[in-house]
Each structure stands twice: as structure tokens, then as C-alpha cells.
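Work through the exercises below with the sequence and the structure side by side. Try each task before reading its solution.

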Amino acid sequence: MKGNKKKIFLLSALVILLMIGITWKNIGVNVSGDDIPKKKIALTFDDGPSKYTEKLLDGLRERNVKATFFLLGVNAESRKDVIEQMHEDGHIIGNHTYNHIQLTKVIDEKACEDVEKLNDLIFNITGEKVEYIRPPYGSWNSRLTCLEGLTVVLWNVDTLDWSIHSKNKIARHIVKNAEDGSIVLLHDIYESSVDAALMAIDELQEQGYEFVTVDELGQTSPIQ
Ligand code: NI
């Protein structure tokens, strides 16, 4: 009898230990798993669309990544199908002026004419009102009436991709400087930038980053 009691006691102890173990594991999963908010980062592409934009859109779709595009009117006119695809894929389409003008270097009337011409063009393609603008050279004047209702989006990670045409160097720059809330400035008119963006996405997704459009970033980002 004594031996049996000992067996029952040991078996009970084993069951209890097992249950504690399972509970502990579940707590562990909850703490280190999905409940922790991911770090968010936004890739932005200026001056396009170009002949490389389709490749970029394909790569973003494969990786389930949404980005923000600041188009130029002069490039948008001949690539309306690419813009339709952009819109269909759920990216944000913003204004980078029709002619890449510096808004503070021309009279207000001319500046607004340029901005509105592109707003109209994008609306005609997507059926949606433009809500975001990135003024060329990051320079604008808040008295411009056409900016009312538009959100100005600047950046805090400058890849200098227009001068560095090495996909490896650009990708490394993005990965090295990425933080929660980063807005990365790129140009989809260079193939090196398109390749670098996709390389950086692969690396940063592995590090737990989530790629979002600029409207999904927090308050600390350079959005005004
Ligand atoms: Ni530009």
C-alpha cells in the first residue's frame, strides 16, 4: 500500500509540474509574441513613376508591403496604368508638384496652379482626392491656399539615393538608420533605389519591422 501511495503522489506531482509548465509556456508566448506592437516604418518614393516603378510594385506586393508615392505630373501623364496599379495595391499616392517646382521660388498663384494640376490628374486616374504632399526640396509656404487640406510629409531618413547608385549601400543605409516612426526618402526613378528598397524590406521584416503608409505612423514623424 505504501508503495502505491508513493506512486500516486509522484504521478500527481508530475501532472502538477506539467500543468505549471504548460501555463508558463502560454504566458511566455503572450508576452513575447503578437501582443508587442511592431516597429513601424514608411518607405516613400519621390519623382516617379518611372519604368522601374512596376518592378517596385511587384516586389512590394510579394512582400505584402504598402508604401507612399509622391508623383510628378510630368512623369504621371505617360504612366497612368502604373498609377492605377499603385492605387489598386493600396499604396498612398501623394503630390510632388506637376513640374518639380520649388514652391517658395515662384509666385503663389503659379505654385498652386502646379499643385492643383497634379491633384486633378491623380483624381482623374484614381477617383480619390489627394491628401498628402511632399514639396520638392522640402520647401513650402503655409500661406499657399492650395495646401489647405493637404498634409505635408517630409522625411527623417535620407538615403541620398540620387547620388549613390549602389543598391547595397542604399539598402545598408536604410537598415542602419531605421527606427520606429522612420520615413525613408527614396526615388523610384533609379533601379538601384528600387532594388535597395526591396533588400531593406527583407532585412527589416526579419527584424520585426512593419512597413506602413505615412498615415499609419505616430506623432513623432515629420508630418505637418
Ligand atoms: Ni523630388
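**Exercise 1.** What covers the buried residues of α6?

*Solution.* The model is a predicted one, and the first step is to list the residues concerned: in helix α6, which spans residues 167-177, the buried ones are K167, I170, A171, H173 and I174. These residues cover an arc of only 155 degrees around the axis, and therefore they sit on the same side of α6. The other side of the helix has N168 and K176, which are exposed. The last step is to look at what lies over the buried residues of α6, and the cover includes β6 (157-158), β7 (182-187) and α7.

**Exercise 2.** Find which residues of helix α2 are buried, and explain why they line one face of the helix.

*Solution.* Within α2, residues 53-62, the buried residues are T53, L56, L57 and L60. When the helix is viewed down its axis, these buried residues fall within an arc of 100 degrees, so they line one face of α2. An α-helix has 3.6 residues a turn, so residues three or four places apart point the same way. Among the elements that cover the buried residues of α2 are α4 (80-88) and α7 (191-206). Just after α2, N64 takes a positive phi of about 55 degrees.

**Exercise 3.** How many helices and strands does the chain have, and what share of its residues is buried?

*Solution.* Counting the secondary structure gives seven helices and eight strands, while buried residues make up 36% of the 224 residues in the chain.

Key. Residues numbered from 1 in each chain as written. Predicted model: local features only at pLDDT ≥ 70, side-chain atom pairs only at ≥ 80, totals over all residues. Buried ≥ 20, exposed ≤ 12 C-beta atoms within 10 Å, placed from the backbone. Helix = DSSP H or I, 4+ residues; strand = E, 2+ residues; numbered from the N terminus. Arc of directions from axis to C-beta. Contact = placed C-beta atoms within 7 Å.
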